[in-house]
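The following exercises are to be worked with the sequence and the model at hand. Each task is followed by a solution in steps.

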Amino acid sequence: MFDTIIIGAGPAGLSAAGILQEKQKVLVLDEYFHAGGRLLGQLYEEKKGKWWNGLEIARKLVSDTQDKTEIRLSTSVYDVELDDTYTVHTTSGTFRSRHLIIATGSREKSNPLPEWDLPGVMTVGAAQVLTNFSRVRPGDKGVIVGINPLSMVIAMELGYADIDVAKICLPPENLLSTQKPEDAFETLVSLGHSAPSRFISTGAGLAGKAKPIHPAALKLFPKNGIRAMGLPISIKEKIIRINGTEKVESVTVQKTDSKGKPLNGKTREVKCDFVCISDGLAPLSEIGSLLNLKHVYAESLGGYVPLHSEMMETELPNLYVAGNVTGIENAKVAMYQGQLAAHKILGDEDAAMRSLSAITHERKNAKVKFHKDLLQGRETVETMWREIEKRKAE
Ligand SMILES: Cc1cc2nc3c(=O)[nH]c(=O)nc-3n(C[C@H](O)[C@H](O)[C@H](O)COP(=O)(O)OP(=O)(O)OC[C@H]3O[C@@H](n4cnc5c(N)ncnc54)[C@H](O)[C@@H]3O)c2cc1C
């Protein structure tokens, strides 16, 4: 019997373990063969000359926990039951604990387009792990389908590895994908502080003054795209199909107007040998569903998240959540959330409040923000939590 089982050895799970292990018997479970979660692929410049090296941070979190915490890798959790204690069923056996933390992170979303099953087509996250963790080039010249903070960050990382990105465009419009030039423009504006592009800083100014996005800024956006952050970005072009016989050879690009409507006859081919598809991230909340937790839908958190308090509690006794399973944010927030859940389990309210302040501070100052309306999403979940707590008290 363990005091606490943590599902997920990412930054949230390992940070929780680092605190709990001083007073408890802790087990961390992860289905991947290496601990560190999505930290493993992350590499970007936070401030001039100050790099966020996820691999190094993961190594430190592992070396801080491996002596006192049991970490079982290549172990998938497929069911959890609550009796007096939690029973966790995994591919390496069944384990029991008094407390449980769900820190399963997020998954990538990707929308289909013709010939997306050709060798050489992958998600941006796969390209990130290949390049930064496995040290394998995904190819020599890539095209990225989808403009969002994740695809932009990873496109920059490919550049650091000297891999050519030929184009970053919108996906084709279909039932699953409705990204419009104005959505992509908003993404670029939200990254404006890190984008050394006069066009984007001007756009950021306009967008700040007028909502929705100033139509003039969209109309003025050059038809063939711009170079920002060293990347060839095009919001008035969509990639409508991938071409190749044995593997990826090129993509077909369709020009559009500023509303995303295709311009007749305006297509061209762009040569490439790999394609990355990206439609953002969604919380991996299946374990919460297995326990019948109530879930809340918030677009700005990435989709359905288990109902939880700002102190990471859930409706079930001794069950906590931490990290991207509660909404898509960066790895620092995930680490503070893991620490907060651990302090709550140990009953250290002062330390828990300090972790909460650190989360608030990081949310304000984060270099990578996944959604501009994140705080609204957080408020939706909090409001529902307070209503349910009030009803219980009545
Ligand atoms: C592809 C991708 C790229 C990202 N890139 C960036 C980036 O560049 N910068 C940034 O700030 N953020 C990035 N993120 C967001 C990132 O998720 C957070 O920064 C941070 O890693 C979240 O930490 P976490 O501990 O909540 O989850 P994760 O780091 O995702 O860790 C969760 C762990 O849980 C394990 N797990 C899940 N389900 C199970 C199960 N059923 N059984 C056992 N183990 C399970 C997973 O294997 C994983 O190791 C990225 C996310 C993804 C998906």
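**Exercise 1.** Among contacts in the chain between residues at least 6 apart in sequence, what percentage join residues at least 24 apart?

*Solution.* The model is a predicted one, in which local features need pLDDT of at least 70 and side-chain atom pairs count only at pLDDT 80 or more, while totals for chains, interfaces and linings use all residues. Numbering starts from 1 along each chain as its sequence is written. Two residues are in contact if their C-beta atoms, placed from the backbone, lie within 7 Å. Of the contacts in question, 65% join residues at least 24 apart.

**Exercise 2.** Describe the surroundings and pairing of strand β14.

*Solution.* Step 1: helices (H or I, at least four residues) and strands (E, at least two) are DSSP runs numbered from the N terminus; β14 spans residues 231–243. Step 2: a residue is buried if 20 or more other C-beta atoms lie within 10 Å of its own, exposed if 12 or fewer, and partly exposed in between. In β14, 10 of the 13 residues are buried. Step 3: strands pair if DSSP finds at least two bridges between them. Strand β12 (residues 164–170) pairs with β14 in the parallel sense over two bridges, and isoleucine 168 stands opposite isoleucine 233 in β14. Step 4: β14 and β15 (residues 250–256) run antiparallel, joined by six bridges; lysine 238 has glutamine 254 in β15 as its bridge partner. Six residues lie between the strands of this hairpin, where glycine 244 takes a positive phi near 155°.

**Exercise 3.** Characterise the shell around the ligand, and state why it lies between two domains.

*Solution.* Step 1: a residue is near the ligand if its C-beta atom, placed from the backbone, lies within 6 Å of it. There are 34 residues around the ligand, of which Gly10, Gly37, Gly105, Gly125 and Gly323 come nearest. Step 2: α1 gives the most to the shell, with three residues. Step 3: domain 1 (2–107 + 281–393) and domain 2 (110–277) both contribute residues to the shell, so it lies between them; the bounds come from an automatic or database domain assignment.

**Exercise 4.** Which residues of the largest nonpolar core touch the most other members?

*Solution.* Step 1: such a core is a set of buried Ala, Val, Leu, Ile, Met, Phe, Trp, Tyr and Cys residues joined through C-beta atoms within 7 Å. Step 2: of its 90 residues, Ala16, Val275 and Ala322 touch the most other members. Step 3: α9 gives the most to this core, with nine residues.
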